[in-house]
Amino acid sequence: MAFFLKTKLWQTGSLDWWGFIDGEDVYLGSREFPNPPEEGDEWTVKQTGDIFGIVEGEIRKIGNQPPVVPEWL
């Protein structure tokens, strides 16, 4: 996969997206991850509440909010 990003990305067998950000493996979400990722995209990971964005070709954590808990749980 070539997305023209500076951030190293990979997808697991369970279709979760991960990235290597600031020397750590970071969960980037599953269905909420933009595919294909493009400059200016922003998304919120439902499980963790982390907010990510693509700035200058890098995925960066830009915030956090309380995780979304599905109503059926």
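User: How does the radius of gyration of the protein chain compare with that of a compact globule?

Analyst: The idea is to set the value against what a compact globule of that length would have. This is a predicted model. With 73 residues, a compact globule would come out near 11 Å, and the protein chain has 12 Å, which agrees. The C-alpha trace spans about 40 × 25 × 25 Å along its principal axes. Of the 73 residues, 33% count as buried.

User: How many helices and strands does the protein chain have?

Analyst: There are 0 helices and 6 strands. Read from the N terminus, the elements run β-β-β-β-β-β.

User: In what order do S1, S2 and S3 stand in their sheet?

Analyst: Start with the general idea. Strands of a sheet pair through backbone hydrogen bonds, either parallel or antiparallel. Here the order is S1-S2-S3, an open sheet of 3 strands with antiparallel pairing. S1 and S3 are the edge strands, and each pairs on one side only. Neighbouring strands in this sheet are turned by 30 degrees against each other on average, direction ignored.

User: How many bridges join S1 to S2?

Analyst: Strand S1 covers residues 8-11, strand S2 covers residues 17-21, and 4 bridges join them. The two strands run antiparallel. To follow the pairing on screen, find Leu-9, which stands opposite Gly-19 in S2. Then look at the hairpin of S1 and S2, which has 5 residues between the strands. Leu-15 takes a positive phi there, near 65 degrees.

User: What is the order of the sheet that holds S4, S5 and S6?

Analyst: The order is S4-S5-S6, in an open sheet of 3 strands with antiparallel pairing. Strand S4 (42-44) and strand S6 (58-64) each have a single partner strand, so one side of each is left without a neighbour in the sheet. The average turn between neighbouring strands of this sheet is 25 degrees, direction ignored.

User: Over how many bridges do S5 and S6 pair?

Analyst: Strand S5 (residues 50-55) pairs with S6 over 6 bridges, in the antiparallel sense. For a landmark, take Gly-53, whose bridge partner in S6 is Arg-60.

User: Which residues have the most contacts inside the largest nonpolar core?

Analyst: First the background. In soluble globular proteins, nonpolar side chains tend to be buried together. The largest nonpolar core here has 13 residues. Those with the most contacts inside it are Ile-21, Leu-28, Phe-33, Trp-43, Phe-52 and Ile-59. S2, strand S3 (24-29) and S5 are the elements that give two or more residues to this core. The largest share, 3 residues, comes from S3.

User: Which residues is Phe-52 in contact with, beyond its neighbours within four places in sequence?

Analyst: Leave those neighbours aside and read the rest of the list. Among the contacts of Phe-52 are Ile-21, Val-26, Tyr-27 and Leu-28. Trp-43, Val-45, Ile-59 and Ile-62 are also among them. So are the charged-type names on the list, including Asp-41, Glu-42, Arg-60 and Lys-61.

User: How many aromatic pairs does a search of the whole structure find?

Analyst: A pair of aromatic rings is described by the distance of the centres and the angle of the planes. The search finds 4 aromatic pairs. One of them is Trp-17 with Phe-33, which is stacked, at 4.6 Å centre to centre and 20 degrees between the planes. Trp-17 lies in strand S2 and Phe-33 in the loop between S3 and S4, so the pair ties together parts that are 16 residues apart in sequence.

User: Is the pair of Phe-33 and Trp-43 stacked or edge-to-face?

Analyst: Edge-to-face: the centres are 5.2 Å apart and the planes stand at 80 degrees. Trp-43 lies in strand S4, so this pair ties together parts that are 10 residues apart in sequence. Ring pairs link Trp-17, Phe-33, Trp-43 and Phe-52 into a cluster.

User: Are Phe-33 and Trp-43 buried or exposed?

Analyst: Buried means under 20% relative accessible area. Phe-33 is at 4%, so Phe-33 counts as buried. Trp-43 is buried too, with 6%.

User: Where does Val-69 lie?

Analyst: Val-69 lies in the segment after S6. Val-69 is exposed, with a relative accessible area of 62%. The C-alpha atoms of Val-69 and Leu-5 are separated by 31 Å, and the two residues are 64 apart along the chain.

Key: Residues numbered from 1 in each chain as written. Predicted model: local features only at pLDDT ≥ 70, side-chain atom pairs only at ≥ 80, totals over all residues. Heavy atoms only, no water. Pairing = 2+ DSSP bridges. Helix = DSSP H or I, 4+ residues; strand = E, 2+ residues; numbered from the N terminus. Axes fitted to C-alpha atoms, helices over the stretch in contact; angles between N-to-C directions. Core = buried A, V, L, I, M, F, W, Y, C linked by side-chain atoms within 4.5 Å. Buried < 20%, exposed > 50% of the residue type's maximum accessible area, 1.4 Å probe, protein only. Contact = heavy atoms within 4.5 Å. Phe/Tyr/Trp six-rings, centres within 6.5 Å; stacked < 30°, edge-to-face > 60°. Rg over C-alpha atoms; globule rule 2.2 N^0.38 Å.
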